[in-house]
Amino acid sequence: MPAITEARSDHPPLLSAEGQSYLVGDEIYLRPPAPADADLVQSWKFTVFPISPDRIRALIDDGKKGDDSARRRPQLLIVRRSDERPVGSMLLNTGWFPHHHIDITMDPLFGSNADRWKVEALALMMRHMVEEWQLPIVSVF
């Protein structure tokens, strides 16, 4: 069993805000997608067209594939802490050193709450990229 799958099965807090102190805000937190998030794919995927949850479930790396696509262009879900529901996502494009990009999408059905969560997620990630990763240039799209 791959290490990430074993870690997720043995430590459920890795898929919730409980017990985390890393990329957690007042109302949202950031984490990688899990196969269970495929049911709400329209809330966090970068597309205007409907996507089958089964197709997305097959694409989400749960640690079994071993590919490095998540390392080249990691995607993080923006998850509401109150009910663990994904409300958006961000892609971190790190391929153009020293310039790094954050692409962010939110579910428009949440209205002004989505804007507030987007700002909170950006504040968390920008602070993390500048202070922890020590990246010189970060831009948001």
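This is a short talk on one predicted model of a single chain, going from confidence to the sheet and then to the helix that packs on it.

Confidence comes before anything else. The chain averages a pLDDT of 77, and 77% of the residues score at least 70. Where is confidence lowest, and where is it highest? The lowest mean, 47, belongs to helix 1, residues 3-10, and the highest, 92, to strand 1, residues 28-31. At the start of the chain, residues 1-8 stay under 50 in pLDDT, and the model has 16 contacts for them beyond four places in sequence. I will leave that stretch there.

Now the layout. The chain has four helices and five strands. Read from the N terminus, the elements go α-β-α-α-β-β-β-α-β. Of the 141 residues in the chain, 41% count as buried. Taking the contacts with a separation of 6 or more, 55% are between residues 24 or more positions apart.

On to the sheet. The five strands form an open sheet in the order 1-2-3-4-5, and the pairing is mixed. Strand 1 and strand 5, residues 137-140, are the edge strands, each pairing on one side only. Direction ignored, neighbouring strands of the sheet are turned by 25° against each other on average. As a reminder, strands of a sheet pair through backbone hydrogen bonds, either parallel or antiparallel.

Let me take strand 2, residues 75-80, as the place to look in detail. How does strand 2 pair with strand 3? The two run in the antiparallel sense over six bridges, with strand 3 covering residues 85-96. In strand 3, L91 is the bridge partner of Q75, and G88 stands opposite I78. Four residues lie between these strands in their hairpin, where E84 takes a positive phi near 60°.

On the other side is strand 1. Strand 1 and strand 2 also pair in the antiparallel sense, over four bridges. R31 has L77 as its bridge partner in strand 2, while L30 stands opposite I78. I78 therefore shows up twice if you follow it on screen, once opposite L30 and once opposite G88.

Is strand 2 enclosed or open, and why is that? Six of the six residues of strand 2 are buried, so the strand is largely enclosed by the rest of the structure. In a regular strand the side chains alternate between the two faces of the sheet. In strand 2, Q75, L77 and V79 point one way, L76, I78 and R80 point the other way, and all are buried. Strand 1 can be read in the same manner: I28 and L30 point one way, Y29 and R31 the other, and all are buried.

Next, the helix. Helix 4, residues 112-131, packs on the sheet and touches strand 1, strand 2, strand 3, strand 4 and strand 5. Its direction makes about 160° with that of strand 4, residues 99-106. Helix 4 has 20 residues and reaches 29 Å from its first C-alpha to its last, close to the 28 Å expected at 1.5 Å a residue.

Which residues of helix 4 are buried? They are A114, W117, E120, A121, L122, L124, M125, H128 and M129. The cover over these buried residues includes strand 1, strand 2, strand 3, strand 4 and strand 5.

Two of those residues deserve a further word. H128 sits in helix 4. The relative accessible area of H128 is 8%, so it counts as buried. Leaving out residues up to four places away in sequence, H128 touches Y22, L23 and W133.

The other is W117. A pair of aromatic rings is described by the distance of the centres and the angle of the planes. How many aromatic pairs does the count come to? One aromatic pair. F110 and W117 form it, with 5.4 Å centre to centre and 65° between the planes, which is edge-to-face. The two rings belong to buried residues: F110 has a relative accessible area of 18%, and W117 has 4%. The cut-off for buried is under 20%, so F110 qualifies at 18%.

To close: an open five-stranded sheet with mixed pairing, helix 4 packed on it, and a stretch at residues 1-8 where pLDDT stays under 50.

Methods. Residues are numbered from 1 along each chain as its sequence is written. This is a predicted model: local features need pLDDT of at least 70, side-chain atom pairs count only at pLDDT 80 or more; totals for chains, interfaces and linings use all residues. Side-chain values use heavy atoms; hydrogens and water are left out. pLDDT is the predictor's confidence in each residue, from 0 to 100. Contact means heavy atoms within 4.5 Å. Two strands pair if DSSP finds at least two bridges between them. Axes are lines fitted to C-alpha atoms, for helices over the stretch in contact, and angles run from 0 to 180 degrees between N-to-C directions. Rings of Phe, Tyr and Trp (its six-membered ring) pair if their centres lie within 6.5 Å; planes under 30 degrees apart count as stacked, over 60 as edge-to-face and the rest as tilted. Buried means under 20% relative accessible area, exposed over 50%, partly exposed in between (1.4 Å probe, protein chains only). The expected span of a helix is 1.5 Å times one less than its number of residues.
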